[in-house]
Structure formats: C-alpha cells, structure tokens
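Work through the exercises below with the sequence and the structure at hand, and try each task before you read its solution.

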Amino acid sequence: MVPSIGGFYRQYKDGIYIVLAIARDTNNPDTQLVVYCEFGGTESESWARPLDEWRNPAMVNGQPVARFTQVPDFICQECRSTLPVVAQSEYHHGICFLCK
C-alpha cells in the first residue's frame, strides 16, 4: 500500500497521523520516505519513515499487526475542513464537532 498524501492513518499504537508527502532520501535515492505528523497532537513535529517500513507489519506480543491503517475522512459541510472519522457519533447532519 502506498499511502495517499493528505490521508489519515491510525498507527497500531493508536495515534492518528496525516501523510504530508512521499519523499526520497538524499543519501539513497532508491529509498522512498513517508513524511507524516500526528493529527491533533500538541507537538508540531514531522517524522519520516521508509515506505517499506510503513508497509510492513509491526510485531505486537509476537504477532504481526498492520503498522498503519487508513482512516476514512469527512468533509464538514460548514467549514469545509477535512477531518478523520474517529467515531461516527462525532458528526451530526454533515457538521463536524468543531462547528456544532
């Protein structure tokens, strides 16, 4: 799976992240990196992870689990913000939790 730029993804550790870009490593042009940051986090840091690592499962209690899974998004009918759908109950009649 190649992540989509602007897409929301839940990490197996439970954080939600937005993909900012797909980049190449200057030291190894064959390595593609996924640049992402936490959605709604208090820090304004971005991270880069090799695309192969993004795709490969993580091991939890000796079992492989998807490292990142895509989260559907939602476009608010009022403010036009694109937000991740974390729980359907957060949205009411096409309006996001920020606008209600």
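**Exercise 1. Find where Asn61 sits, decide whether it is buried or exposed, and describe its phi angle.**

Solution. Begin with the position along the chain: in this predicted model, Asn61 belongs to the loop that joins β5 (58–60) to β6 (63–65). Next, look at the accessible area, which for Asn61 is 76% in relative terms; because exposed means over 50%, Asn61 counts as exposed. Finally, turn to the backbone, where the phi of Asn61 is near 50 degrees, a positive value in a residue other than glycine. Most residues other than glycine have a negative phi.

**Exercise 2. Find the loop that holds Asp14, and state the sign of its phi.**

Solution. The loop in question lies between β1 (8–11) and β2 (16–24), and Asp14 is placed there. Although Asp14 is not a glycine, its phi is positive, at about 100 degrees.

**Exercise 3. Work out whether Cys76 is in a disulfide, and whether it is buried or exposed.**

Solution. Start with the whole structure, which holds zero disulfides. For Cys76 in particular, the nearest cysteine sulfur is that of Cys79, at 3.7 Å; because a disulfide needs the two sulfur atoms within 2.5 Å, Cys76 is in no disulfide. Then consider the accessible area: Cys76 has a relative value of 0% and is buried. Cys37 is also buried, with a relative accessible area of 16%, and both residues are classed this way because buried means under 20%.

**Exercise 4. Describe the surroundings of Arg49, from its strand to its contacts.**

Solution. First place the residue: Arg49 is part of strand β4, which covers residues 47–50. Its relative accessible area is 12%, and Arg49 is therefore buried, since the limit for that class is under 20%. Leaving aside residues up to four places away in sequence, Arg49 touches several others, among them Gln11, Trp54, Arg67 and Phe68. Tyr36 is another of the residues touched, and here the two side chains make a polar contact of 3.0 Å.

**Exercise 5. Place Asp73, and say which residues it touches and how it relates to Gly7.**

Solution. Asp73 lies in strand β8, made up of residues 73–75, and with a relative accessible area of 46% it is partly exposed. Beyond four places away in sequence, Asp73 touches Phe8, Thr82, Leu83, Pro84 and Val85. As a last step, compare sequence with space: Asp73 and Gly7 are 66 residues apart along the chain, while their C-alpha atoms are 7.7 Å apart.

Key:
Residues are numbered from 1 along each chain as its sequence is written. This is a predicted model: local features need pLDDT of at least 70, side-chain atom pairs count only at pLDDT 80 or more; totals for chains, interfaces and linings use all residues. Side-chain values use heavy atoms; hydrogens and water are left out. Buried means under 20% relative accessible area, exposed over 50%, partly exposed in between (1.4 Å probe, protein chains only). Helices (H or I, at least four residues) and strands (E, at least two) are DSSP runs, numbered from the N terminus. A polar contact is a pair of N or O atoms within 3.5 Å; within protein, one must be able to donate a hydrogen and the other to accept it, and residues adjacent in sequence count only if both atoms are side-chain atoms. Contact means heavy atoms within 4.5 Å.
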